[in-house]
Amino acid sequence: MPIKRKQYSIYTDGSFRPPEYSAWAAIIVDNDNKEEKILQNYVFGSTISRMELTGIAEALESIKKAASITVYSDSQYAINSLSKWLRMWHKYNYININGVPIKNRDLMERLYKMISFHRVK
């Protein structure tokens with residue numbers, strides 16, 4: 001009999017205001033008991049893409065037991081990274097199809113660990 005995993009929804013967003021103000025936030029909803037947890041932080045000298053990815057990584061890492069998680073983000077880069085590209089990038093040592101190292105490798109490695117631990121969609 002398969003183990004029933006807890007169900008979560010994660011809503012994330014990142015922001016960037018030139019020249020140096022960046023922030024991320026995530027709302028984690030425990031779908032089983034409807035509890036919510038909010039995570040947020042600001043960073044100086046980052047990018048919008050890093051903030052989008054950081055929000056997702058921080059939220060996934062805050063869930064300590066393996067779970068089924070649905071991630072919602074307005075960033076197509078972040079969603080495509082999770083759903084389409086990340087496993088391939090990991091397989092090819094984080095080199096893209098053009099033979100160029102991917103951007104934000106440190107965050108992609110964190111996310112790969114999390115999608116290998118949780119069921120993420």
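Partly exposed means a relative accessible area between the buried class, under 20%, and the exposed class, over 50%. The model used here is predicted.

**Exercise 1.** Assign Y11 and Y72 to an exposure class.

Solution. Start with Y11. Its relative accessibility is 39%, so Y11 counts as partly exposed. Now take Y72. Relative accessibility is again 39%, so Y72 is partly exposed too.

**Exercise 2.** Classify the geometry of the ring pair Y11 and Y72, then place both residues in the chain.

Solution. A pair of aromatic rings is described by the distance of the centres and the angle of the planes. Stacked requires planes under 30 degrees apart, with centres within 6.5 Å. For Y11 and Y72 the centres are 4.7 Å apart and the planes lie at 10°, so the pair is stacked. Y11 sits in strand 1 and Y72 in strand 4. They are 61 residues apart, so this pair links distant parts of the chain.

**Exercise 3.** Classify the pair Y42 and F44, and find the cluster that holds them.

Solution. The cut-off for edge-to-face is over 60 degrees. Y42 and F44 have 75° between their planes and 5.6 Å centre to centre. The pair is edge-to-face. Both residues are exposed. With Y21 they form one aromatic cluster. The count of aromatic pairs comes to 4.

**Exercise 4.** Describe the largest nonpolar core and the contacts of L86.

Solution. The core has 27 residues. I69, L86, M108 and L111 have the most contacts inside it. Helix 1 gives the most, with 6 residues. Next, take L86. Leaving out residues up to four places away in sequence, L86 touches S81, Y94, M108, L111, Y112 and I115.

Methods. Residues are numbered from 1 along each chain as its sequence is written. This is a predicted model: local features need pLDDT of at least 70, side-chain atom pairs count only at pLDDT 80 or more; totals for chains, interfaces and linings use all residues. Side-chain values use heavy atoms; hydrogens and water are left out. A nonpolar core is a set of buried Ala, Val, Leu, Ile, Met, Phe, Trp, Tyr and Cys residues joined through side-chain atoms within 4.5 Å. Buried means under 20% relative accessible area, exposed over 50%, partly exposed in between (1.4 Å probe, protein chains only). Helices (H or I, at least four residues) and strands (E, at least two) are DSSP runs, numbered from the N terminus. Contact means heavy atoms within 4.5 Å. Rings of Phe, Tyr and Trp (its six-membered ring) pair if their centres lie within 6.5 Å; planes under 30 degrees apart count as stacked, over 60 as edge-to-face and the rest as tilted.
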